[in-house]
Amino acid sequence: MPNDWEEQLDGLKQGSVRSMARLITWVENRRTGWMDAMKTIYRNNGQTRVIGITGSPGAGKSTLTGKLTSTLVEKGYSVGVIAVDPSSPFTGGALLGDRLRMKTISTMEGVFVRSMATRGALGGLSLAARDAVKIMDAFGKDIVIIETVGVGQDEVEVVKTADLVIVVCVPGQGDGIQAIKAGIMEIADFFVVNKADREGADQVVMDIQTMLSLSSQDNDIKVPVLKTVSTTGQGIPELVETMSDFLTNTEKTPKKTENRIREELLVLLEKETARALRKNWVDKGLLDKAVENIISGERDPYSIVQEVIKTSLIN
Ligand SMILES: Nc1nc2c(ncn2[C@@H]2O[C@H](COP(=O)(O)OP(=O)(O)OP(=O)(O)O)[C@@H](O)[C@H]2O)c(=O)[nH]1
Ligand SMILES: [Mg+2]
């Protein structure tokens with residue numbers, strides 16, 4: 001491994017926030033040596049619990065994340081935040097209020113905020129976020145909160161692997177139902193009806209509960225539906241308590257861990273084989289050559305694919 005990697009890994013071990021930030025960027029950019037660095041990081045992983053917060057745009061996810069974070073910090077936890085959303089207040093939203101919110105959270109003692117764009121991560125968003133979680137874990141973060149808008153598939157993939165997934169709904173515009181339609185209901189461990197200071201919050205709670213009872217296959221699992229007002233902090237202590245109970249009770253769910261490792265390994269393998277193929281085959285002009293051969297009638301696409309698979313994966 002190159003020396004500069006070693007240097008940052010040492011820094012990470014010694015609690016340098018700068019090293020943590022740098023490592024996340026380097027890994028995200030797939031800088032040479034990233035896999036060796038991740039091997040070391042992986043060996044130092046274990047204790048971090050990941051909380052995924054998702055929901056429709058403007059539902060109050062960032063405000064909620066901020067309140068949760070400050071409550072957790074008060075309780076003595078070290079918290080990391082990954083905001084996956086280019087328009088997130090954490091990344092500098094256009095509104096003054098958003099800027100202020102971002103400032104409050106990122107200057108909080110013991111809090112590390114990292115923003116990530118939906119597009120741009122070389123290995124894909126979901127891997128980039130998970131790599132970042134692992135780096136924060138090795139640094140010693142107790143809790144990492146990932147905030148994403150619950151729209152695109154990428155965003156859903158990211159939160160899916162969290163230890164606890166919170167789906168945020170709001171009253172008005174049929175948002176509660178919308179979230180459910182988007183197919184995120186299945187991944188929700190909790191529902192939070194935020195903006196409960198607005199009219200219709202109880203109706204959304206009932207709608208969600210009705211949906212849950214209709215679709216529930218496993219009656220043993222009770223999905224909590226809580227109300228919050230993130231702006232004032234109302235309902236946050238109850239939410240933190242419910243979260244804490246959930247995380248304690250799911251301390252060891254081998255099935256979930258197994259599924260996560262399986263999924264992650266498969267995605268990583270797919271991404272890396274595709275990258276290797278690009279590097280060793282496409283970038284070396286072999287794609288162009290193959291196209292020529294197909295046009296001239298010498299070869300067909302199928303035998304070429306078979307040949308590439310054989311030579312690159314088996315040999
Ligand atoms: N009335 C009311 N407003 C809230 C509440 N929580 C958040 N807001 C407001 O809703 C707006 C959006 O809040 P954000 O926290 O930025 O929402 P978000 O879900 O992170 O938004 P995106 O990341 O852009 O999807 C802000 O103006 C907040 O002040 C709440 O409980 N009640
Ligand atoms: Mg946000």
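This is a guided tour of one predicted protein model, stop by stop.

Because the model is predicted, local features are reported only at pLDDT of at least 70 and side-chain atom pairs only at pLDDT 80 or more, while totals for chains, interfaces and linings use all residues. Residues are numbered from 1 along each chain as its sequence is written, and chains are lettered from A and ligands numbered from 1 in the order in which they are written.

**The whole chain**

Begin with the whole protein chain in a cartoon view, where 13 helices and 7 strands are found; helices (H or I, at least four residues) and strands (E, at least two) are DSSP runs, numbered from the N terminus. Of the 315 residues in the protein chain, 36% are buried, where a residue is buried if 20 or more other C-beta atoms lie within 10 Å of its own, exposed if 12 or fewer, and partly exposed in between, with C-beta atoms placed from the backbone. Two residues are in contact if their C-beta atoms, placed from the backbone, lie within 7 Å. Among the contacts in the protein chain with a separation of 6 or more, 74% join residues 24 or more positions apart.

**The nonpolar core**

Next select Ala-129, Ile-135 and Ile-146, which have the most contacts inside the largest nonpolar core, a set of 62 residues. A nonpolar core is a set of buried Ala, Val, Leu, Ile, Met, Phe, Trp, Tyr and Cys residues joined through C-beta atoms within 7 Å. Helix 6 (residues 125-139) supplies the largest share of this core, with 10 residues. At least three residues of the core come from each of domain 1 (1-44) and domain 2 (45-251), the bounds being those of an automatic or database domain assignment. With Ala-129 centred, and with its neighbours within four places in sequence left aside, its contacts are Ile-82, Val-84, Met-116, Ile-146 and Val-158.

**Two helices against helix 6**

Two packed helices are described by the angle between their axes and the distance between the axes. Here the axes are lines fitted to C-alpha atoms, for helices over the stretch in contact, and angles run from 0 to 180 degrees between N-to-C directions.

Select helix 2 (residues 17-28) together with helix 6: their axes are 10 Å apart, and the packing angle is about 150 degrees. The two helices are therefore roughly antiparallel to each other, given that angles under 35 degrees count as roughly parallel, over 145 as roughly antiparallel, 65 to 115 as roughly perpendicular and the rest as oblique. Helix 2 passes helix 6 in a right-handed crossing; a crossing is left-handed if the near helix is turned anticlockwise from the far one by less than a right angle, and right-handed if clockwise. To display the contact, show Met-20, Leu-23, Ile-24, Val-27 and Glu-28 of helix 2, which meet Ala-128, Asp-131, Ala-132, Ile-135, Met-136 and Phe-139 of helix 6.

Now exchange helix 2 for helix 3 (34-43). The axes of helix 3 and helix 6 come within 8 Å and cross at roughly 55 degrees, so the pair is oblique, and the crossing is left-handed. Met-38, Ile-41 and Tyr-42 of helix 3 make this contact with Asp-131, Lys-134, Ile-135 and Ala-138 of helix 6.

**Two positive phi angles**

Most residues other than glycine have a negative phi. In the loop between helix 2 and helix 3, select Arg-30, which is not a glycine yet has a positive phi of about 55 degrees; Arg-30 is partly exposed, with 18 other C-beta atoms within 10 Å.

Then move to Lys-195, in the loop between strand 6 (190-193) and helix 9 (201-215). Lys-195 also is not a glycine and has a positive phi of about 60 degrees, but it is buried, with 24 other C-beta atoms within 10 Å. From Lys-195, step to Cys-169: the two are 26 residues apart in sequence and 8.5 Å apart in space, C-alpha to C-alpha. Cys-169 is found in strand 5 (residues 164-169) and is buried, with 28 other C-beta atoms within 10 Å.

**Exposed positions**

Finish with Val-282 in helix 11 (residues 254-282), which is exposed, with 12 other C-beta atoms within 10 Å. When residues up to four places away in sequence are not counted, Val-282 touches Leu-277 and Leu-287.
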